[in-house]
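Here's a short set of worked exercises on a two-chain model. Have a go at each task before reading its solution.

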Amino acid sequence: MNRGVILFAFNSKKYNYYDMAEYTAKRINHFLDLPVTLVTDEQSLPAYSKYSWDEIIKVTPDKNNFRDWGQWINKGRYQAFELSPYEETILLDADYVVNSSKLLKTFETYNDFCCHSKTNFLMYPDAPQEVLSAYSYETLWATVVTFKKTKRAEQIFQCLEMVQKNYEHYANIHSFVAGTYRNDYALTLALRIANGHCVLPGDYIPWDLVHVGRNTQVYKNNDDELDTEYTVIFDNWKKGKIRKEYITIKDMDFHVMNKDIFVEMING
Amino acid sequence: MDTKTLIAEAKARFNHNSAKAYLAEKYKNKLIVAEQGGLWKADPATISFLDSFDTPQLVLIDTFDNPVQVYRKELLEKLKQVYESTMTEWYIEWKELEGKR
């Protein structure tokens with residue numbers, strides 16, 4: 001069974017997602033020993049890069065999505081099923097820091113589709129799980145999605161396309177703000193629809209997605225590009241004052257929510 | 001600036017509880033084992049339960065709540081091995097962490 005990872009990266013005015021994807025791809029090659037395919041557009045590709053992708057697939061992205069910091073080109077993730085050259089694929093966010101072989105375990109634990117249903121914030125272990133709204137579901141996470149090329153997985157991605165294309169409608173039903181399109185929300189709804197509004201525990205990765213969230217900084221402990229040791233510093237607000245707290249982590253995958261932190265990590 | 005200087009200049013304090021939670025998160029998933037068509041947790045309860053029988057085969061509820069018929073001895077051996085190696089790693093890192101108190 002051939003396996004690989006697919007990353008989507010479209011540069012915006014503020015962030016160079018290609019650089020993020022290349023950084024992540026090198027770590028995937030090293031820790032997971034899997035080939036990586038990049039889905040991108042002509043504008044995001046640099047004129048020259050030493051990195052050798054397994055495949056580069058150029059598409060025309062839908063750029064019509066914005067968040068507080070600017071343009072966010074994250075639509076079209078549903079194309080992963082069709083575009084992936086692999087029989088078994090891990091669809092990964094470009095800002096997911098691979099520090100171990102943990103993701104390989106998803107191939108052992110799933111049937112044909114799985115994603116994270118629970119998250120854990122470093123330095124904020126008791127953070128509540130995010131919900132679409134007070135009247136809706138707990139959010140699933142599109143950060144890591146492992147799938148096989150089966151009919152059911154295809155249906156899930158088709159549902160994802162349907163939800164993306166009718167996002168306002170679903171936002172109305174589930175009482176969340178439709179202003180910014182989020183793959184996490186679309187995936188939450190798509191998986192429910194595809195499963196006949198049932199929960200299939202086998203669709204969930206049996207460990208938490210670790211986030212580096214707000215007020216948290218991550219620093220590499222060494223300059224080695226593939227080093228896995230970091231210092232995490234957290235601004236703990238107490239009685240109007242900031243108390244800085246830190247821990248060191250080693251060999252642990254995490255997802256960086258703040259892109260500025262990720263860019264700093266890439267640049268050392 | 002190296003991270004030690006950064007910590008010193010920021011007057012940051014080591015957060016023992018967060019470090020403990022990080023270790024638990026890191027090692028919890030290493031205790032998960034996919035074996036004989038089911039998904040298992042190499043925890044003391046499952047290991048003790050398997051050990052308390054003497055039949056070659058047994059039906060167990062896996063972590064996805066599915067009943068799975070397993071070869072008891074083989075699963076027991078696998079879970080014991082995963083438990084031992086994971087907990088040893090966890091313990092070593094925990095001792096390092098305790099030293100930071």
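The exercises below cover backbone, cysteines, interface, cavities and pockets.

This is a predicted model, so a few ground rules: local features need pLDDT of at least 70, side-chain atom pairs count only at pLDDT 80 or more, and totals for chains, interfaces and linings use all residues. Residues are numbered from 1 along each chain as its sequence is written, chains are lettered from A and ligands numbered from 1 in the order in which they are written, and side-chain values use heavy atoms, with hydrogens and water left out.

**Exercise 1. Backbone**

Find where A:Asp33 and A:Ser175 sit, and work out how exposed they are.

*Step 1.* Start with the general expectation: most residues other than glycine have a negative phi. A:Asp33 isn't a glycine, yet has a positive phi of about 55°. A:Ser175 isn't one either, and its phi is positive at about 60°.

*Step 2.* Place them on the secondary structure (helices are DSSP runs of H or I with at least four residues, strands are runs of E with at least two, numbered from the N terminus). A:Asp33 is in the chain A loop between helix H1 (17-31) and strand E2 (36-40). A:Ser175 is in the chain A loop between helix H5 (167-174) and helix H6 (183-194).

*Step 3.* Check the accessibility (buried is under 20% relative accessible area, exposed over 50%, partly exposed in between, with a 1.4 Å probe and protein chains only). A:Asp33 counts as exposed because its relative accessibility is 65%. At 42%, A:Ser175 counts as partly exposed.

**Exercise 2. Cysteines**

Explain why A:Cys114 has no bond to the closest cysteine sulfur.

*Step 1.* Count the disulfides (pairs of cysteine sulfur atoms within 2.5 Å): there are 0 over all chains.

*Step 2.* Look at the distance. The closest cysteine sulfur to that of A:Cys114 belongs to A:Cys115 and is 7.2 Å away, so it's too far for a bond. Seen from the other end, A:Cys115 is in no disulfide, and A:Cys114 has the nearest cysteine sulfur.

*Step 3.* Add the surroundings. A:Cys114 is buried at 1% relative accessibility, and A:Cys115 is buried at 0%.

**Exercise 3. The contact between the chains**

Work out how many residues each chain brings to the contact, and which three residues supply 24% of the area that chain B buries against chain A.

*Step 1.* Count residues in contact (heavy atoms within 4.5 Å): chain A brings 30 residues and chain B brings 25 residues.

*Step 2.* Get the buried area (the accessible area, with a 1.4 Å probe, that two parts lose on being put together, summed over both). Between chain B and chain A that's about 2,400 Å², with carbon and sulfur atoms giving 63%. On chain B's side, B:Tyr22, B:Glu25 and B:Phe64 supply 24% of the area buried against chain A, more than any other three residues.

**Exercise 4. Cavities**

Find what lines the largest cavity and the second largest cavity.

*Step 1.* Set up the search: on a 1 Å grid over the protein atoms alone, a cavity is a set of points where a 1.4 Å probe fits but cannot get out, a pocket is an open set with protein on both sides within 12 Å along at least five of seven lines, and lining residues have an atom within 4 Å of a point. Points are joined across faces, edges and corners, and a volume is the space filled by probe spheres set on them. The whole structure gives 2 cavities of 30 Å³ or more.

*Step 2.* The largest cavity has a volume of about 50 Å³. Its lining includes A:Asn120, A:Phe121, B:Tyr22 and B:Glu25. H2(B) gives the largest share, 4 residues.

*Step 3.* The second largest cavity holds about 40 Å³. Among its lining residues are A:Arg77, A:Phe157 and A:Asn183.

**Exercise 5. Pockets**

Identify the residues closest to the centre of the largest pocket.

*Step 1.* The largest pocket has about 1,200 Å³ of space. Of its 42 lining residues, A:Arg67, A:Trp141, A:Arg182, A:Met257 and A:Asn258 are the closest to its centre.

*Step 2.* The second largest pocket has a volume of about 410 Å³. Of its 18 lining residues, the closest to the centre are A:Ser101, A:Lys102, A:Lys105, B:Asn29 and B:Lys30.

Note on methods: A disulfide is a pair of cysteine sulfur atoms within 2.5 Å.
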